[in-house]
Amino acid sequence: MKIYKYFLIALGIILMDQASKLMVHQYMYIHEEVNVVGEWFKLHYLLNPGMAFGIRWENEFGKLALTIFRIGAMFGIAYYLVRSARKNSHAGFLVCLSLILGGAIGNVIDSTFYGVLLNNAPMESPTRWFHGQVIDMLYFPLFGFQIPEWVPLRGGTYFSFFDPVFNIADSSIFIGVTSILVFQRKFFPHQEEEGHEENESELPLHHVSHENPSAIRVTESTETKTESENNG
């Protein structure tokens, strides 16, 4: 697969991500929730001013620093993708990099432009540029239950499994990173082979003599014969 095809994968992720975000912005209001599949898959419109899971830096320039970091990471991933493709890396690994790149660009677009285009920058932002909030909408509350009153600290509260609300870009990044971790032996087989060869080359002498002691005896007899001929 040629390099440009991997960038087409990333472009496909970007288009799906941005289309879903703009549709949610157009047809839903903040915190509106719509059931898609029963009670366990919903669309829930949220604005995320920071990183994943709503983490943010309580600093005037925290959001700007985060956006700049995302832009730098975006170019770094793109460069690494091109470099890996030219080295004929495993196709699966390149697809994973494409997923990560597409997700990264999708969220960079939100952070960079949405503050101006959608006017969704926080009120305290020094400028709308680079302070846009990321639109999240995918919500999977798979199951929940009421915690008994006798449980310390959390007793009497409702626990819902998998509360985070995310988007297609987040999903793409997660799938790409997880796949690399799971299939790393398949993606980088040469590293294991090199490590195996190094271990074999460092075998101690007693291991060699144990495996093939005749080899040592032949060497010793040859050296003895050579010394006797020289003395003669």
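**Exercise 1.** Is Glu39 buried or exposed, and at what relative accessibility?

*Solution.* The model is predicted. Glu39 has a relative accessibility of 52%. The cut-off for exposed is over 50%, so Glu39 counts as exposed.

**Exercise 2.** Describe the salt bridges of Lys42 and the burial of the residues involved.

*Solution.* Step one: the side chain of Lys42 meets that of Glu39 in a salt bridge of 3.1 Å, N to O. Step two: the side chain of Lys42 also meets that of Glu33, at 3.2 Å, N to O. Step three: Lys42 has a relative accessible area of 10% and is therefore buried, as the limit is under 20%. Glu33, at 36%, is partly exposed.

**Exercise 3.** Place strands S1 and S2 in their sheet and describe the hairpin.

*Solution.* Step one: S1 (residues 33–37) and S2 (residues 41–48) pair in the antiparallel sense over 4 bridges. Val34 stands opposite Leu43 in S2. Step two: the hairpin has 3 residues between its strands, and Gly38 takes a positive phi near 55° there. Step three: the open sheet has 4 strands in the order S1-S2-S3-S6, with antiparallel pairing. S1 and S6 (165–166) stand at the edges with a single partner strand each, so one side of each has no neighbour in the sheet. Step four: at the S6 edge, 2 bridges join S3 to S6, and Val165 in S6 is the bridge partner of Tyr139.

**Exercise 4.** Check the length of helix H2 and state what its buried residues pack against.

*Solution.* Step one: H2 (residues 62–86) holds 25 residues, so at 1.5 Å a residue it should span 36 Å. The C-alpha atoms at its ends are 36 Å apart, which agrees. Step two: buried residues of H2 include Leu66, Arg70, Met74, Ile77 and Leu81. Step three: the buried residues of H2 pack against H1, S2, H3 (91–117) and S3 (134–139). Just after H2, Asn88 takes a positive phi of about 60°.

**Exercise 5.** Which side chains does Asp110 meet in helix H1?

*Solution.* Step one: Asp110 and Lys21 form a salt bridge of 2.9 Å, N to O. The pair links distant parts of the chain, with Asp110 in H3 and Lys21 in H1, 89 residues apart. Both residues are buried. Step two: a polar contact of 3.1 Å joins the side chains of Asp110 and Gln18. Gln18 lies in H1 (residues 3–27) and is buried, at a relative accessible area of 11%. Step three: beyond its neighbours within four places in sequence, Gln18 is in contact with Gly106, Ile109, Asp110 and Tyr114.

Note on methods. Residues are numbered from 1 along each chain as its sequence is written. This is a predicted model: local features need pLDDT of at least 70, side-chain atom pairs count only at pLDDT 80 or more; totals for chains, interfaces and linings use all residues. Side-chain values use heavy atoms; hydrogens and water are left out. Buried means under 20% relative accessible area, exposed over 50%, partly exposed in between (1.4 Å probe, protein chains only). A polar contact is a pair of N or O atoms within 3.5 Å; within protein, one must be able to donate a hydrogen and the other to accept it, and residues adjacent in sequence count only if both atoms are side-chain atoms. Contact means heavy atoms within 4.5 Å. Two strands pair if DSSP finds at least two bridges between them. The expected span of a helix is 1.5 Å times one less than its number of residues. A salt bridge is a side-chain nitrogen of Lys or Arg within 4 Å of a carboxyl oxygen of Asp or Glu.
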